[in-house]
Amino acid sequence: MNLKTGAIVFLVILTLTAAALGWIAHAVQTWAVPAESLLAESQAANQRGETDLAFRLLVKGAFYSDRPEAFVSAAADPDHQEYLKGIESLRRGQLDDAERRFSRVAQSDSKLLAVRAQIRIEEMRYRTGIPNSARIPF
Amino acid sequence: MRQIPALAGRFILYLAIFVIPLANAPITGDTLEIKTHLFRILGVAAAILYVATAILRAWPAARLRPDAKTSRKQKPDDRASLPPAPALDAIDLALVVSVISLVVSSFAAESRIAAIPGALDAVTSLAFFSLARTVFDVRGPAGPARVPPVISVITIGSVLPALFYLCDYFHTGIPDSLGNQNTVSHYLLLSMAAPIFLALRPGRMRWFGVALAVFLLWVNWLTAARGAVVGVLFASAIVAVLTAARFWSSMSGRQRAVVGIVCAIVVLAGPALLHVYATSTDFNVSVRFLSWKYSISLLNDRFWFGYGPGLFSTSFEKTKLWMADKDSTLLGMLTVNYAHNDYVEIAVDQGVVGLAAFLFLVVSCLAPAARIWISRGGRPADQAWSIALLFALAASLGQAAFDFPYHTPAPRLLFYVLLGLVSIRPAKEEAPAEEAHVSSGAGVWSMAALTAAFAALPAAPLLAMYSASAISHVAEPQFKAGHYEEVKHLHAWAAGQDPTRSQYFFRTGLGEEQAGNFEAARASYRNALSLEPYFPNVYFHLGVTSLERNPPRAASEFYANLAFVPTPVAFHNLAAMCMALGDSGAASAVYREIARRYPDDDRARHNVEALETQMRSVRPPEYVRALELYSQNRLDLARPAAEQFVRDNPNYIDGVFLLGRILFHLGNHDASERLFKTYIAGRPNDPEGHYYLGNALYFQNRLRESLASFREAVQINPGSPKMLYNLGVNYYFVDDFRSMNDCFDTVLAVNPNVSFKDKIEEMRRTARAKSRP
């Protein structure tokens, strides 16, 4: 196979591989983190009194589902909503907005939420929080 | 002298094919470790020798002959042993694309240091490929007209592991002695190239080839590696289609129709056959399916150049962040070392570009071989050579869709060597054998061996990596016994020797944590995370090191750990941190979740009840203030505070009871009686209410009524000395001395040193005196 044919073959292989894997990866992610069932699961956890799990599920959805805004609006508490908006900004790479929102949440009366927001700010500003926390839904 | 690097290259390849599959001495913790290091060391030598050979081939021969004297001394056939470099073709382009994708992937990796071993593996694989393609270049004189030495080496290199495997198989069942039965299967499947070539080429070795092929297939079957069966089916289908194409022109129309239908049935029946096979054996499809699914999902990030060569296993941990709960029960606690689909694994490691480069390399190498078989080009031996290698490589490529042949050293080596061999263009005409004059002379081979040894010298730093795994192996028994502290220095040493592996830093951290050196432990854990960003256990242990001193940080670290995988210990620690932060509600929610996830966890259930009881009894600050004054016996201040509180909160029953007790102690028994009755109406099962009511009635000299109240109190709480004592005293004043004595006996049985013991004795004496006639 000469160079010219080889180049064409490579481009064909690359295009087919990229199209196939790109489509599958997107489908798998939508399938693995289904927004509707996560929201329902979170609601059920709330009803069982497992409020911590309910919020963790919202954070997971805001981080990895293809409909993060649905998880933001599902949070009842304004501080929780603000935290989820911060997560959404983090996911979109809008770090300034994320930091501003986490700073607000860090003043919250909800101690655990404030703590999490504070640790995120420490990582964003000084790299002294939790390593890789920009990728970890907590 | 120009042939020396080429001969040294052959020497390295023969050595690698002999040694790497057999290097299984249990020297390290990981049985594959020694093979991995040998692969890298020999691969570095292969890379150097390939470069040397390529330069010599590309260099004009005249420049190497500075004077005529030397020229005259040169053997006339010396140049024939090292043919000039051919024009660049698709395979060269594939190599360039592979190297570019590898370099970009390594630099874009989340941890470049951690990507070094994987990058080294990829480079050495390409080096083995290029070297095989260069030093076994038989386009000129020989080709596979006679049995090439490399086929003999592969034959012996397959028979020895197969025999070792059989010995272990009949001794212990399916053994792990050669690293892993899957690895043996991968290797033997690739080795099928040798017997198939011997069976197909004209000559006396045909029956030996058939027998060897059957033997290797049988051993392969015994390995129980189901992916090998898939590979053989896949390769058979490919060869069937190619063979149909080969005879297509010589067939009649009817024959063509029959062959076409058979081919279509074979191709269409393949997936159905696979489905039946997969569902009727212990071929674990569900775990493989999950592994593929989540591996592919990783490509939503780092789509084009992946996570870094060799970083699949550490990257897979990331998928646990979005893994569904039901899948997490199967995969959540596992470390997934391989995707069980090499194409997916290559895509995760080096991105879509890396996978496309790999596929392009394979296609550009196999396409000419397929063409030779179909067009019956070259000599019969060339055709046998092409189809034999094509079958073995296709079988391996089929198996790679279910297993991991290109991520374990021995099969990886053989795959790239065979790929290099199949990429060699065949000779166009018959010529005398090349090998005779190239390999003649022990002196030349000694020189070649020496050159190979020198070429391996630059790989010396890799010995440090090997020594690190050996050190870790020494520490293994103590570590497994949980004595992390005792071997922390060994792990620190290993981390110094091989700073590419997070495991050594993690284990050092465990040792420091066990020794109570939390800051040192945290530093080690952070080093581990810099190499392996998604390491759930590290987040857990970071949390543990903060438990005592920094609850906010610990809580966040346990949250990070739980984002990967839920474990009861992490949940309990998180709940404890919620308590430390004063958030009982959150703690209760976490305990509630633990109780649901782990129904046998009684402690969690008990904690939920205790916390909820506590939360129900949250007391208003005014009440707390009045209670504090009462506890300090400052009744003059406590009274107005309590009265005000009861006026404001008439339904707060504890406030009523508090005011009743204050009034009682101030001597206002009448008012206190009313309050106690109100309290008992609201909380009838509280013995304290009945006890105080009894006291209020007693001081009003309403002994029969007080007796009933004390009895009620004792009935609810039969073990209270003060209630039993008051009941006994009440019996004394109604002259029921027998009941009085029973009460006092119980008091002394509950507490023999009770403070009112003297009073009891005095009343008993008086009662005895009273009861005398």
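**Exercise 1. Find which residues A456(B) is in contact with, leaving aside its neighbours within four places in sequence.**

Solution. Leave out the sequence neighbours within four places, and A456(B) is in contact with I41(B) and A45(B). Keep in mind as you look around that this is a predicted model. Next, place the residue: A456(B) sits in helix α20 of chain B, which covers residues 442–456. Then check its cover. Its relative accessibility is 18%, so A456(B) counts as buried, the cut-off being under 20%. Last, try a distance: from A456(B) to N550(B) you go 94 residues in sequence, and 51 Å in space from C-alpha to C-alpha.

**Exercise 2. Describe chain B as a whole, starting with how many helices and strands there are.**

Solution. Start with the count: chain B has 38 helices and zero strands. Now look at burial. The chain has 773 residues, and 55% of them count as buried. Then turn to contacts with a separation of 6 or more: 70% of these in chain B are between residues 24 or more positions apart. Finish on the outside, where chain B exposes about 33,300 Å², with 62% of that supplied by carbon and sulfur atoms.

**Exercise 3. Work out whether S472(B) is buried or exposed, and what it touches.**

Solution. First find the spot: S472(B) belongs to helix α21 of chain B, residues 462–480. Its relative accessible area is 10%, so S472(B) is buried. Now skip everything up to four places away in sequence, and you'll find that S472(B) touches H491(B), Y504(B) and R507(B).

**Exercise 4. Describe how chain A and chain B meet, in residues, area and salt bridges.**

Solution. Begin with residues: 48 from chain A are in contact with 59 from chain B. Then take the area. The two chains bury about 4,500 Å² between them, and 69% of it is on carbon and sulfur atoms. On the chain A side, M1(A), F10(A) and L112(A) lose the most area to chain B, together 14% of what that side buries. Now the charges: four salt bridges are counted between chain A and chain B. You can go and look at R596(B) with E50(A), a salt bridge whose closest N and O atoms are 2.7 Å apart.

**Exercise 5. Look at salt bridges within the chains, and say which residues are joined into one network.**

Solution. Over all chains, the count comes to 42 salt bridges. Let's take a few.

- D382(B) pairs with R379(B), with 3.0 Å between the closest N and O atoms. D382(B) has 1% relative accessibility, so it counts as buried. R379(B) is buried too, at 8% relative accessible area.
- R101(A) pairs with D97(A), the closest N and O atoms being 3.1 Å apart. Both lie in helix α6 of chain A (residues 95–105), four residues apart, or about one turn of the helix. R101(A) counts as buried at 19% relative accessibility, and D97(A) counts as buried at 16%.
- D654(B) pairs with R683(B), the closest N and O atoms being 2.8 Å apart. D654(B) lies in helix α32 (653–665) and R683(B) in the loop between α33 and α34 of chain B, so the pair ties together parts that are 29 residues apart in sequence. R683(B) is partly exposed, with 34% relative accessible area.

And the network? Salt bridges that share partners join E82(A), D97(A), R100(A), R101(A) and R104(A).

**Exercise 6. Find which residues form the nonpolar patch on the surface, and where its largest share comes from.**

Solution. The patch is formed by V241(B), V258(B), V262(B), V266(B) and V267(B), which together have about 370 Å² of accessible area. Its largest share, four residues, comes from helix α12 of chain B, residues 253–280. Pick V262(B) as a sample: its place is in helix α12, and with 45% relative accessible area it is partly exposed.

**Exercise 7. Look up phi for R127(A) and R376(B).**

Solution. R127(A) is not a glycine, yet its phi is positive, about 60 degrees. R127(A) comes in the segment after α7 of chain A, and at 58% relative accessible area it is exposed. R376(B), also a residue other than glycine, has a positive phi near 55 degrees. You'll find R376(B) in the loop between α16 and α17 of chain B, where it counts as partly exposed at 37% relative accessibility.

Key:
Residues numbered from 1 in each chain as written. Chains lettered and ligands numbered in written order. Predicted model: local features only at pLDDT ≥ 70, side-chain atom pairs only at ≥ 80, totals over all residues. Heavy atoms only, no water. Patch = residues over 30% accessible without salt bridge, like charges linked within 9 Å, V, L, I, M, F, W, Y side chains within 5 Å. Areas by Shrake-Rupley, 256 points an atom, 1.4 Å probe, with all protein chains shown as cover. Salt bridge = Lys/Arg side-chain N within 4 Å of Asp/Glu carboxyl O. Helix = DSSP H or I, 4+ residues; strand = E, 2+ residues; numbered from the N terminus. Buried < 20%, exposed > 50% of the residue type's maximum accessible area, 1.4 Å probe, protein only. Contact = heavy atoms within 4.5 Å. Buried area = accessible area lost by both parts, 1.4 Å probe.
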